[in-house]
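I opened the notebook for this chain with a short list of things to look up. The entries below follow that list.

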Amino acid sequence: KRHDLMLDAFAGVLRECRSARMVLVGSAGEPGFDRAMHHKAQSLGINDRTTWFPFFEDIREIECAADVVALPSDEEPLGTCILEAMSLEIPVVVSDAGGGVELIEDGKSGIAMAGGDVAFLTSTLLRLAESATLRSELGRCAREWVKGNFGHGQHARTVLEILLPNWPKNMR
């Protein structure tokens, strides 16, 4: 999930925006890695502004409290949390190194970053922190994108496009 990248970016955000808070949800599943990330947060001096939660099946309550959701993962195949955030009109930042970039229109319904680019992630988070207008516009477009691409009507059309060509003519 690139917690290390988020920690570095958030340290940069805090230099400019002392009121910022970061919530990390989930872990790498490796106790040594998790300990290392907690130690990194402490060494960066951001522990008091960082909250850690274990994995949750349903993170809507956490997402509803967020101004931005970022998933800079290098290998995330889908990023359900990104779709959930977008449907809640929360702006998202995703890495172009995973599947998350396929879920957005860069600059319109979300922001894509080059995988591992901590400077870009930091500046993007700062830009979003400073502009409620930008957050609102990205969030609104994100919700519309999700509705258009993942709504019930779109799913029904997709299923029909797959099934109808192979459906017996007498059953259409």
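These entries cover a helix, the cysteines and a surface patch, all in a predicted model.

**Helix α1.** I began with helix α1, residues 3-16. I checked its length against the expected rise of 1.5 Å a residue: 14 residues should span 20 Å, and the end C-alpha atoms are 20 Å apart, which agrees. I then looked up its burial. Of the 14 residues of α1, 10 are buried, so the helix is largely enclosed by the rest of the structure. I noted the buried residues as H3, L5, M6, L7, A9, F10, A11, G12, V13 and L14.

Next I asked what covers the buried residues of α1. The cover includes the strands β1 (22-25), β2 (50-53), β3 (69-71) and β5 (111-113). Helices α2 (31-44) and α5 (118-130) are also included in that cover.

**Cysteines.** I looked for disulfides and the count came to 0. I took C81 as a case to check. The closest cysteine sulfur to that of C81 belongs to C64 and is 13 Å away, too far for a bond, since a disulfide needs the two sulfur atoms within 2.5 Å. I also recorded that C81 is partly exposed, with a relative accessible area of 22%.

**Surface patch.** I found a nonpolar surface patch of about 520 Å². V159, L160, I162, L163, L164 and W167 make this patch. I followed up I162, which lies in helix α7, residues 152-163. Is I162 buried or exposed? I162 counts as exposed because its relative accessibility is 56%, and the cut-off for exposed is over 50%.

Terms used: Residues numbered from 1 in each chain as written. Predicted model: local features only at pLDDT ≥ 70, side-chain atom pairs only at ≥ 80, totals over all residues. Heavy atoms only, no water. Patch = residues over 30% accessible without salt bridge, like charges linked within 9 Å, V, L, I, M, F, W, Y side chains within 5 Å. Areas by Shrake-Rupley, 256 points an atom, 1.4 Å probe, with all protein chains shown as cover. Salt bridge = Lys/Arg side-chain N within 4 Å of Asp/Glu carboxyl O. Helix = DSSP H or I, 4+ residues; strand = E, 2+ residues; numbered from the N terminus. Buried < 20%, exposed > 50% of the residue type's maximum accessible area, 1.4 Å probe, protein only. Expected span 1.5 Å × (residues − 1). Contact = heavy atoms within 4.5 Å.
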